[in-house]
There are 2 protein chains.
Amino acid sequence: MSAARPGSGSASATRGALLDAAAQLMLEEGYAAVTTRRVAARADANPALVYYYFGTVDELFLALFRRGAEANLRRLEDLRQSAHPLRALWELSSEPHSAALTVEFIALAHHRPAVRAELSAYFVRFRRLQGDILEATLVHRPSTAPSPAALAVLISGLSRVLVMDDALGLTSGHAEVRELIDGFAARFEGVTPTTSDAAASPEPGRADPDGPD
Amino acid sequence: MSAARPGSGSASATRGALLDAAAQLMLEEGYAAVTTRRVAARADANPALVYYYFGTVDELFLALFRRGAEANLRRLEDLRQSAHPLRALWELSSEPHSAALTVEFIALAHHRPAVRAELSAYFVRFRRLQGDILEATLVHRPSTAPSPAALAVLISGLSRVLVMDDALGLTSGHAEVRELIDGFAARFEGVTPTTSDAAASPEPGRADPDGPD
DNA sequence: GTCTATACTTCGATAGAC
DNA sequence: GTCTATCGAAGTATAGAC
């Protein structure tokens with residue numbers, strides 16, 4: 001309660017518009033394009049308001065990340081009720097917007113300690129929750145299968161490389177990797193692995209594809 | 001032959017120093033820190049020399065990427081002679097410096113078309129070569145095993161997520177994933193999967209851990 | 001909460017002397 | 001090949017009126 005600055009609790013429309021603008025810029029032009037002037041211009045707001053709401057650009061980044069992180073953790077919780085948690089998990093990690101933002105934030109984290117700490121804490125929570133869901137879903141997995149923690153790493157890594165490749169136009173081997181994942185999901189969720197199936201039965205909490213994976 | 005600018009063929013010490021400085025800055029502080037002034041300062045050179053050698057900052061990025069890319073492709077070629085090509089392949093993709101630079105370049109590629117085209121072309125070549133080596137190494141693989149192209153994607157994705165996780169201090173599930181890879185390598189290369197083995201028999205062409213994965 | 005005005009820094013890029 | 005000098009644009013951040 002030291003600095004009298006409106007926090008994430010304040011449901012200000014301007015604050016939200018600034019965060020939206022920052023997210024757009026980060027997606028379209030990378031984290032370096034997120035400057036006070038450009039964010040304000042895109043949000044049709046005055047540049048000084050960025051300082052009013054966030055204090056520094058670093059804090060703006062943190063606020064943006066937190067908003068997406070919390071939304072994503074909520075969506076992850078919702079997955080528990082899904083009929084196909086494994087597939088829903090895979091699709092949550094495969095959203096282009098979300099994954100592209102994640103890459104930007106990871107690059108940012110490499111040289112901004114505050115961002116690094118925030119990402120680190122978030123990913124610990126995300127992976128743990130992911131592991132819990134996998135554990136509950138794969139009740140009959142053989143003893144030779146990877147542990148939930150290892151599966152969480154596999155899902156993160158494979159979904160991320162596919163999305164990064166897509167952004168570069170790389171496609172070689174992709175179809176086969178997707179089939180591999182689909183086959184794995186089918187074996188443990190016992191459902192025919194057709195893409196039309198996924199399209200026909202939308203999962204809960206998939207409305208706002210935003211934030212880190 | 002239009003603009004009289006020294007190319008990568010010119011073995012200028014200054015040019016190399018500028019590229020080294022750019023690589024350092026990119027690693028330590030991200031691509032946004034790569035500015036003409038800062039690069040020149042770190043290389044103990046005059047800022048105007050950046051324009052003399054590269055013309056624009058974009059060209060500097062491209063030259064830096066190309067240098068690392070070519071070095072990496074050479075190292076990949078050398079792997080063919082390795083006693084354990086599969087493990088060597090894995091380790092080549094797991095180098096922290098190289099992978100961190102790759103993440104920066106991928107983030108850069110998201111909004112710089114010239115960088116994007118360069119990365120795209122490079123990765124196509126890299127993955128293809130990776131696939132060729134895998135094909136030659138895994139001569140006795142079962143028909144159910146993933147194709148070389150898919151394996152190349154798996155290796156890229158898993159090595160990259162482990163390195164990115166390491167940078168954030170995440171370790172959950174890592175040991176198991178490494179064991180998985182090691183087990184796979186052992187099964188197809190027929191060697192006891194001890195880490196001391198890898199340390200005891202260094203592979204050729206691993207002198208300069210630089211450039212994209 | 002929103003605005004103007006401003007101080008100060010750093011950026012990319014160029015012209016031209018040496 | 002290397003340097004100085006310089007332009008205009010854009011960056012962060014703050015003070016203070018409304």
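Me: Let's start with the DNA. Of the 14 residues around DNA strand C, which come nearest?

Reply: Keep in mind that this is a predicted model. The general idea is to list the protein residues around a strand, then see which chain each one belongs to. Here Asn46(A), Thr35(B), Thr36(B), Arg37(B) and Tyr51(B) come nearest to DNA strand C, out of 14 residues around it. As for the DNA side, sugar and phosphate make up 56% of the strand C atoms that come within 4 Å of the protein.

Me: Which polar side-chain atoms lie by a phosphate oxygen of DNA strand C, and at what distance?

Reply: Look for N or O pairs within 3.5 Å. Thr35(B) places a polar side-chain atom 2.9 Å from a phosphate oxygen of strand C, and Thr36(B) does so at 2.6 Å. The backbone takes part as well: an N or O backbone atom of Val57(B) is 3.4 Å from a phosphate oxygen of this strand.

Me: And which helices supply at least two residues of the surface near DNA strand C?

Reply: Here you map the residues onto secondary structure. Helix 3 (48-54) of chain A and helix 2 (36-42) of chain B each supply at least two. Helix 3 of chain A gives the largest share, four residues. Sorted by class, the surface near strand C has seven nonpolar, five polar and two charged residues.

Me: Now the other strand. Which residues come nearest to DNA strand D?

Reply: Read it the way you read strand C. Of the 13 residues around DNA strand D, the nearest are Thr36(A), Arg37(A), Tyr51(A), Asn46(B) and Tyr52(B). Among the strand D atoms within 4 Å of the protein, 54% are sugar or phosphate and the rest belong to bases.

Me: What part of DNA strand D does the side chain of Tyr51(A) approach?

Reply: Check whether the DNA atom is in a base or in the backbone. For Tyr51(A), a side-chain N or O atom is 3.5 Å from a base nitrogen of strand D. Compare two phosphate cases: Tyr52(B) has a side-chain N or O atom 2.7 Å from a phosphate oxygen of strand D, and Thr14(B) has a polar side-chain atom 3.1 Å from one. The elements giving two or more residues to this surface are helix 2 (36-42) of chain A and helix 3 (48-54) of chain B. Helix 3 of chain B has the largest share, four residues. The class split near strand D is six nonpolar, five polar and two charged.

Me: On to the protein-protein interface. How many residues of chain B are in contact with chain A, and how much area do the chains bury between them?

Reply: Residue counts and buried area are worth reading together. In this model, 42 residues of chain B are in contact with 41 of chain A. The two chains bury about 3,600 Å² between them, with 68% of it on carbon and sulfur atoms. His110(B), Met164(B) and Leu168(B) supply 17% of the area that chain B buries against chain A, more than any other three residues.

Me: How many salt bridges and polar contacts cross the interface of chain B and chain A?

Reply: Side chains of opposite charge can pair when their charged atoms come close. Two salt bridges are found across this interface. Asp165(B) forms a salt bridge with Arg127(A), with the closest N and O atoms 2.7 Å apart. Between the two chains, 12 residue pairs are in polar contact. The largest share of the side of chain B that touches chain A comes from helix 8 of chain B, with 14 residues. That side divides into 24 nonpolar, 10 polar and eight charged residues.

Me: What rotation superposes chain B on chain A?

Reply: Find the rotation and the shift along its axis, then check the fit. A rotation of 180° with 0.1 Å of shift along its axis does it, with an RMSD of 0.1 Å. The two copies are therefore related as by a two-fold rotation axis. Gly157(B) is the chain B residue that comes closest to this axis, at 2.5 Å for its C-alpha. Also, 98% of the interface residues of chain B are interface residues in chain A too, so the copies meet through the same surface.

Me: Last one: how many salt bridges are there over all chains?

Reply: The count is 22. For a case inside one chain, Asp58(A) forms a salt bridge with Arg112(A), the closest N and O atoms being 2.5 Å apart. Asp58(A) sits in helix 4 (residues 57-78) of chain A and Arg112(A) in the loop between helix 6 (96-109) and helix 7 (113-137), so the pair ties together parts 54 residues apart in sequence.

Note on methods:
Residues numbered from 1 in each chain as written. Chains lettered and ligands numbered in written order. Predicted model: local features only at pLDDT ≥ 70, side-chain atom pairs only at ≥ 80, totals over all residues. Heavy atoms only, no water. Near = heavy atom within 4 Å. Polar contact = N/O pair within 3.5 Å; in protein donor to acceptor, adjacent residues only side chain to side chain. Nonpolar A, V, L, I, M, F, W, Y, C, P; charged D, E, K, R; others polar. Contact = heavy atoms within 4.5 Å. Buried area = accessible area lost by both parts, 1.4 Å probe. Salt bridge = Lys/Arg side-chain N within 4 Å of Asp/Glu carboxyl O. Least-squares fit on C-alpha atoms with pLDDT ≥ 70 in both.
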